[in-house]
Amino acid sequence: MSQVVPITVARGDGIGPEIMDATLFILKEAGARLAIEEIEIGEKVYLRGNTAGIEKEAIESLLRTKVFLKAPITTPQGGGFKSLNVTTRKLLGLYANVRPCVAYDPFIPTKHPGMDVVIVRENEEDLYAGIEYFHTPDQVQCLKVITYGGCRRIVRYAFEYAVRNNRKKVTCFTKDNIMKLTDGLFHRVFDEIGAEYPQIEKEHWIVDIGAAKLADTPGAFDVIVMPNLYGDILSDVAAQIAGSVGLAGSANIGREYAMFEAIHGSAPRRAGQNLANPSGLLMGAVMMLVHIGQPEVAERVHNAWLKTIEDGIHTYDVAKEGKNPYTKQQVGTREFAQAVVERLGQKPQQLKAVSYAAAPQNVQKDEPPPPAAKRELAGVDVFIHHPPEDPNRVGAMMQAVAGDGLELVMISNRGTKVFPDPLPATLLCDTWRCRFQPKAGAAVTPRQILSLLERCVGAGIEVVKTEHLYTYDGKPGYSLGQGQ
Ligand code: NAD
């Protein structure tokens, strides 16, 4: 039997304290071996003038225990408050978000009986890196950051999750038919790591049609791994169509630290009335118990909870104002927790009982560095601020600064090639991307690029950014303009 495990607990705002009390009561009665450190986060901390919503002592507790059970918080209205979830995720390096989306038919109404999908979402990179620029009055950019190491970590996590939880298939969603380099890397790493798991079925879907299939036929999926933005959207879709937004828990996992919570918010209108459903947080806590090496307690809690749902003991949100024919008794938060405790040791008869095996604390292997390749500087994209006008005139202006071994290869505007050979229908903005490369086969030096920029400045051209172009083993590490 494992030791008592220190964890950090935050009761949060709104319904948070009630659902946390109910959850901790069930865990204690089920025999969880926890040493709880409590911290304060959220609204009160924000309103004391701390824009992060969390104080230094609280962070110290998280760094000490490495395990965080968090109730939902209220983010105060008005600007200037940083998202506590983003702060915690970045502070603790929580790279994986895991959200099981399960239907509990017929006891909880759902359009998709039998749905049982786990979304594994990359949590740190992609468009959520938070790197955005208004380069010119007309054009703003958000950088989509995908790393080889980041892809390996999340894809590894998804496959290890599948193995440990007896799942049969891992599906990858990307949009690599359009984003060939960023999403292409994610897909490539999925194939690479997937090959290490011959016992698991693997498939890849383009995210748009995959999302449509998920919403229509979730039974076609088991574990789905995806980059941050798609995962953010589709984990909500999946939880909603399972019929269980109020019932789903989520785990945020890092190399050393982990955070567990409900997916719903603090529901302030329901606060303090003994109404809220504690199930989402309880399911988060079940994942925590598996994570800290107390799978037998996780199993007791989860099965008792399934039996409670099956016995028709429901909070208001599941009872649906008398419209759920399977509700036998509508209860409050405390009574629901009591009903779960009374069923500890029992298993559901109709819903599928769960079983949890001891999980290794950390599935993270040391991933290899990106594959070695010959990397060569092959040119530069110079982005300039210049009003929309005849692309041939912009072309002539930029050709005048070419030279010293660098030629103007093409100009694009809003991603569409407009020089040479502009098309009349292309709508133009005030940012132009001008690609300079040497004649085929010649090498480029950083100094050539510096000289080019100096010539731009000398000619009164306003450069707003540059992107160096590299080849890897001779293949372009940059997207080509059409027709290039
Ligand atoms: P919400 O999830 O709090 O509520 C949405 C709806 O679901 C409401 O009708 C609510 O009554 C109901 N609901 C939610 N949880 C319930 C439960 N356990 N039992 C019964 N009913 C439940 O979303 P919201 O109203 O958009 O947000 C309220 C606050 O929560 C906001 O300040 C938001 O920023 C915050 N929030 C926090 C988190 C978090 O801490 N992880 C997540 C989402 C929202």
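**Exercise 1. Locate P420 in this predicted model and state which peptide bond precedes it.**

Solution.
- Step 1: P420 sits in the loop between β17 (416-419) and β18 (431-437).
- Step 2: F419 and P420 are joined by a cis peptide bond, with omega at about -5°.
- Step 3: Most peptide bonds are trans.
- Step 4: D105 and P106 are also joined by a cis peptide bond, with omega at about 0°. P106 lies in the loop between β4 (94-102) and β5 (116-122).

**Exercise 2. Find where K320 and D473 lie, and classify each as buried, partly exposed or exposed.**

Solution.
- Step 1: K320 is not a glycine, yet its phi is positive, at about 55°. The residue belongs to the loop between α11 (316-319) and β14 (329-330).
- Step 2: D473, also not a glycine, has a positive phi of about 50°. Its loop runs between β19 (462-472) and β20 (475-476).
- Step 3: Most residues other than glycine have a negative phi.
- Step 4: The relative accessibility of K320 is 38%, so K320 is partly exposed. D473 reaches 51%, so D473 counts as exposed, the cut-off being over 50%.

**Exercise 3. Describe the nonpolar cores and the contacts of V225.**

Solution.
- Step 1: The largest nonpolar core holds 79 residues. Among those with the most contacts inside it are L27, V225 and W305.
- Step 2: At least three of its residues come from each of domain 1 (1-93 + 247-356) and domain 2 (111-242).
- Step 3: Leave out residues up to four places away in sequence. V225 then touches residues including V120, I154, V170, F173, F186 and F190.
- Step 4: A second, separate core has 21 residues, including L377, V382, F419 and V444.

**Exercise 4. Compare the span of helix α9 with its expected value, then decide whether the helix is enclosed or exposed.**

Solution.
- Step 1: α9 covers residues 279-291, 13 residues in total.
- Step 2: From first C-alpha to last, α9 reaches 18 Å, close to the 18 Å expected at 1.5 Å a residue.
- Step 3: 13 of the 13 residues of α9 are buried, so the helix is largely enclosed by the rest of the structure.
- Step 4: Just after α9 comes G293, with a positive phi of about 85°.

**Exercise 5. Which residues surround the ligand, and which polar atoms lie at what distance from it?**

Solution.
- Step 1: The ligand is surrounded by 18 residues. The closest are G265, S266, A267, N277 and Y316.
- Step 2: Take the ligand nitrogen. A polar side-chain atom of Y316 lies 2.8 Å from a nitrogen atom of the ligand.
- Step 3: Take ligand oxygen. A backbone N or O atom of I73 is 3.0 Å from an oxygen atom of the ligand. For a polar side-chain atom of K70, the distance to a ligand oxygen atom is 3.3 Å.

Note on methods:
Residues numbered from 1 in each chain as written. Predicted model: local features only at pLDDT ≥ 70, side-chain atom pairs only at ≥ 80, totals over all residues. Heavy atoms only, no water. Core = buried A, V, L, I, M, F, W, Y, C linked by side-chain atoms within 4.5 Å. Buried < 20%, exposed > 50% of the residue type's maximum accessible area, 1.4 Å probe, protein only. Domains from an automatic or database assignment. Contact = heavy atoms within 4.5 Å. Helix = DSSP H or I, 4+ residues; strand = E, 2+ residues; numbered from the N terminus. Expected span 1.5 Å × (residues − 1). Near = heavy atom within 4 Å. Polar contact = N/O pair within 3.5 Å; in protein donor to acceptor, adjacent residues only side chain to side chain.
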